[in-house]
Amino acid sequence: MINSIKLPQKLMLLGAGELGKEFVIAAQRLGNYVIAVDRYPNAPAMQVADCCEVISMLSADDLEAVVTQHKPDFIIPEIEAIRTEKLLEFEQRGITVIPTAAATNYTMNRDRIRELAHQELGIRTAKYGYAVSLEELIAVADQIGFPNVIKPVMSSSGKGQSVVQTRYEVEKAWNYAIANSRGDSQKVIIEEFINFEIEITLLTIKQWNDPTIYCSPIGHRQERGDYQESWQPAAISPDKILQAQEIAKKVTDALGGAGIFGVEFFITKDEVIFSELSPRPHDTGMVTLISQNLNEFELHLRAILGLPIPHIELLGASASAVILASEKSDSITFTGVAEALSEKDVDIKLFGKPTTHPYRRMGVALAKADNVQEAREKATKAASKIQIISY
């Protein structure tokens, strides 16, 4: 990758959700041309892209057709459910896949990235095992012990994840994991439950020709395996931040390429334990839309295009809180937006998803304050004022 790239570039986004939408906005601010691709029409990123395509990204033929038609300079996956072997073919034809086709194949599956970290790189992870049937899962759960965590090897945003307290809950967790598995995988991963003090995301920016750099750690809280709120900076010691950075660099160096990686860790009293990795902007990183001079989407774009990132500045204690749907509907409207925006240093992002279902993330409230606790309270309060009305 050369240091001076000509703009505009043609970018194809595979997956057009809310994270993709913010990436498209960042890309278009520098005049790039973006094709947003997803499995359903009017997805959030499609609403702001130059053009869009609706295909099955698990279909090699569909992927071939759309890439042949548009001839992008870069292919940028935003979701897990992609026929990743086609990405290797596209890369061999000279199209840049972000971060690389091989890295995408690794990170689309929790089993592969966990094995890379633990077995090949010797990084501390939770104890884990796999199962492809309920009977096998019960046996592995007994071996690892209770409580434990069960989730599909291929999913997005924590979907299908359960904390299992006893042997009697394993069947329910199996059914939930399989129902929420992306793609055609019928495999689950079961992990040791880590009694952590805080869960963090370390946004790690791998550059083509410049050193790997990091954002300030982001703390987050999950329910049902999905993030509910995040805040920055996370209150962890400088030595643990350094440990997390060293682990993140080790894993991302092994994966190669360029772009932003959302690297998740469990922070215990004594340890920094690698959890998961996403090779793209992270949902918990939406807090950077208010917390930093360059948000995670702008950082991803600059890293992809080989543009300089001279300085990442944390603008102050900040937080995000999700706005969730409570029921299924094809026709929705939002109320309470004015009330939510009435407080200083609060912002609201509504994603524009055309339909709702229970717990679907429809927007996010963002807030800045003098300290993290106050920012979290402001963001949560603002999110609670938004009501989703079916009509």
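This text walks through one helix, two cavities and one pocket of the structure. The model is a predicted one.

Start with helix α1. It covers residues 18–29, twelve residues in all. From its first C-alpha to its last, α1 reaches 17 Å. That is close to the 16 Å expected at 1.5 Å a residue.

Is α1 enclosed or open to the outside? Count the buried residues, meaning those under 20% relative accessible area. Nine of the twelve residues of α1 are buried, so the helix is largely enclosed by the rest of the structure. The buried set opens with a run: Glu 18, Leu 19, Gly 20, Lys 21, Glu 22, Phe 23 and Val 24. Ala 26 and Ala 27 complete it. Just after α1 comes Gly 31, with a positive phi of about 80 degrees.

Now turn to empty space. Rolling a probe the size of a water molecule over the atoms shows where such space is left. The structure holds two cavities of 30 Å³ or more.

One of them brings us back to α1. The second largest cavity holds about 40 Å³ of space. Which residues line the second largest cavity? Leu 19 and Phe 23 are among them, and both are also buried residues of α1. The rest of the lining is Leu 13, Ile 76, Pro 77, Glu 78, Arg 280, Pro 281 and His 300. Two elements, α1 and β4 (74–77), give two or more residues each to this lining. By class, the lining has six nonpolar, one polar and two charged residues.

The largest cavity has a volume of about 50 Å³. Ten residues line it, and the closest to its centre are Gln 207, Trp 208, Asn 209, Asp 210 and Gly 306. Sorted by class, the lining of the largest cavity has four nonpolar, four polar and two charged residues.

Last comes a pocket. A cavity is a space the probe cannot get out of, whereas a pocket is open. The second largest pocket has a volume of about 240 Å³. It is lined by 15 residues, and the closest to its centre are Val 322, Ile 323, Leu 324, Ala 383 and Ser 384. Which elements give two or more residues to the lining of this pocket? They are β13 (226–232), β16 (318–324), α12 (372–385) and β20 (387–390). Strand β16 gives the most, with four residues. By class, the pocket lining has eight nonpolar, five polar and two charged residues.

Terms used
Residues numbered from 1 in each chain as written. Predicted model: local features only at pLDDT ≥ 70, side-chain atom pairs only at ≥ 80, totals over all residues. Heavy atoms only, no water. 1 Å grid on protein atoms, 1.4 Å probe; cavity = no way out; pocket = protein on both sides within 12 Å on 5 of 7 lines; lining within 4 Å. Points joined across faces, edges and corners; volume = space filled by probe spheres on them. Nonpolar A, V, L, I, M, F, W, Y, C, P; charged D, E, K, R; others polar. Expected span 1.5 Å × (residues − 1). Buried < 20%, exposed > 50% of the residue type's maximum accessible area, 1.4 Å probe, protein only.
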